[in-house]
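Reader: I would like to learn how to read burial, contacts and ring pairs from a set of coordinates. Could you take me through them one at a time?

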Amino acid sequence: MSTSPTERRTTSAAAASASACRTDAPGAGAAPVLPRPAPRTPGRATGGSARPRHWLRAGWMMTASGWSANQFSALLGAYRGDLGLTTATTTALFAVYVLGLIPGLLLGGPLADRRGRRPVVYTALATAAVATCLLMAGPAAAWLLWPGRFLTGLGAGALLTAGSVWIKELSSAPHDPSTAPGTAARRSGLFLSAGFASGGLAAALIAQWAPYPMITAYVPHLVLSAVAAAAAGRAPETVRTGSAHHPAAHEARPPTHDHVSRGGGGASFRRLIAPVTPWVFAAPTIAFVTLPGLVGARLDGWQTVYAGVATAVTPGAGLLVAPLARRLAARHRLATAVTGLAAVALGLLVGALAVMAVQPGLALAAAAVLGAGYGLCVAYGLTEVAALAPPHRLARLTARFWTLAYLGFFAPYGVALLSALWSPQAILATAALLAVLTLGAVARAARRERL
């Protein structure tokens, strides 16, 4: 049957189109290759749904740790007024936390590498909850405050090492491959700061207006601990039980600095991280433990609420500077540390002026500046540790970082002891000079390593 010219042209075009769309067959000539489908965006699961944020589920445990540490800080004035404890005793109770924290840090890291992250953080969370119950019994038997504070530190230390590493690993491939470099290391610090900021303020507000203040002020931590445990139960374990942590080849790893690849990791920690680390908590503890007591003469019955506001303002400022920490780190590796130490020095000088003039408002401004210094220093330290440590030793090096950081918790006790010899404002001004000298030492070490 004959066809018209128009029909023949249509049939010929269709055949040409079909030929162009065929793939190569065995023995056939080369044919145009079909374009491959666009790859799925990293960080998305099959079907375009977002990946579960496992790091967020584990992060609530770090918030519970920060809450447990700071809920006691806001009640120091109440313990002095209601239980008749001296300033030296309450400051010593605050420092006992560190005596429990250090073994928790040193034991929690290796245990987390061998036994897994989940068992260690669960045990630590339970220990902190038992400690809170002992603190709640303190009004009936004041001696229970001492083991309560010790166990608070023990649980927090183990939770800091295992929890921060767990969050870092859950923020990396294969759990979260789209995370920007450096973000994983900073997340644990942000969760911890959130607990610091909210725990002290909540305890202070409850203590000011609720009945049985030194009992009810601790109830929110027990609730938060239960919520954190339930949330973390849905996060995957990142370590093979009974073996050292050897991540799969596809796990994300922070970019390693050149000097680390040449075997200088230990020296770099001592020269570039260790000098900065004690200021991580020396700055905020002076802000919300030392300064409120030194300007309390003008607070007229609002000492507890003021202390709670100070414990919120200080780490709250640390949270707010997180974007600045990212921008500084992108400019230069040491820019975050230098800016953080400068903020600490400035905050101590402002604090000295506030104490000299007995100005609570100026003391809060000093607390905000000291909190900003805390946030920058902790972001710098955690990012550097993640870059320095090989995966199987990350928890151990993280434990060393937190151990040095929490030595700063002795700063208020040191100020209280030295106040017998010098005025508090002179001590704070001298501490500011020490922060500047630390900045100079780190800058000099950086020049030696040609950073």
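Reader: Is threonine 304 buried or exposed, and why?

Author: A residue counts as buried when its relative accessible area is under 20%, and threonine 304, at 13% relative accessibility, therefore falls in the buried class. Please keep in mind that this is a predicted model. Threonine 304 belongs to helix 13, which covers residues 303-320.

Reader: Which residues is threonine 304 in contact with, leaving aside its neighbours within four places in sequence?

Author: With those neighbours set aside, the contacts of threonine 304 are Ala74, Ala78, Ala204, Ala207 and Gln208.

Reader: How many aromatic pairs are there, and how should I read one of them?

Author: Two rings pair if their centres lie within 6.5 Å, and the angle between the planes then gives the class, with under 30 degrees read as stacked. By this rule there are 14 aromatic pairs. One of them joins phenylalanine 281 and tryptophan 402, which are stacked, with 6.1 Å from centre to centre and 25° between the planes. This pair links distant parts of the chain, since phenylalanine 281 sits in helix 12 (residues 279-294) and tryptophan 402 in helix 17 (residues 394-406), 121 residues apart. Phenylalanine 281 counts as buried because its relative accessibility is 2%, and tryptophan 402 counts as buried because its value is 0%.

Reader: Why is the pair of tryptophan 402 and tyrosine 406 tilted?

Author: Planes that are neither under 30 nor over 60 degrees apart count as tilted. The planes of tryptophan 402 and tyrosine 406 stand at 45°, with the ring centres 6.2 Å apart, so this pair is tilted. Both residues lie in helix 17, four residues apart, which is about one turn of the helix, and tyrosine 406 is buried, as is tryptophan 402.

Reader: Which residues do ring pairs link into a cluster?

Author: The cluster consists of Tyr97, Phe196, Phe281, Tyr374, Phe401, Trp402, Tyr406 and Phe409. A ring may also have a charge over its face, and here arginine 400 lies over the face of phenylalanine 269, at 4.4 Å from the ring centre.

Reader: What do the totals for the protein chain come to, in helices and strands, in burial and in contacts?

Author: The protein chain has 19 helices and zero strands, and 50% of its 451 residues count as buried. Among contacts with a separation of 6 or more, 83% are between residues 24 or more positions apart. As for the accessible surface, about 19700 Å² is computed for the protein chain, and 66% of that belongs to carbon and sulfur atoms.

Definitions and conventions. Residues numbered from 1 in each chain as written. Predicted model: local features only at pLDDT ≥ 70, side-chain atom pairs only at ≥ 80, totals over all residues. Heavy atoms only, no water. Helix = DSSP H or I, 4+ residues; strand = E, 2+ residues; numbered from the N terminus. Buried < 20%, exposed > 50% of the residue type's maximum accessible area, 1.4 Å probe, protein only. Contact = heavy atoms within 4.5 Å. Phe/Tyr/Trp six-rings, centres within 6.5 Å; stacked < 30°, edge-to-face > 60°. Lys NZ or Arg CZ within 6 Å of the ring centre and 35° of its normal. Areas by Shrake-Rupley, 256 points an atom, 1.4 Å probe, with all protein chains shown as cover.
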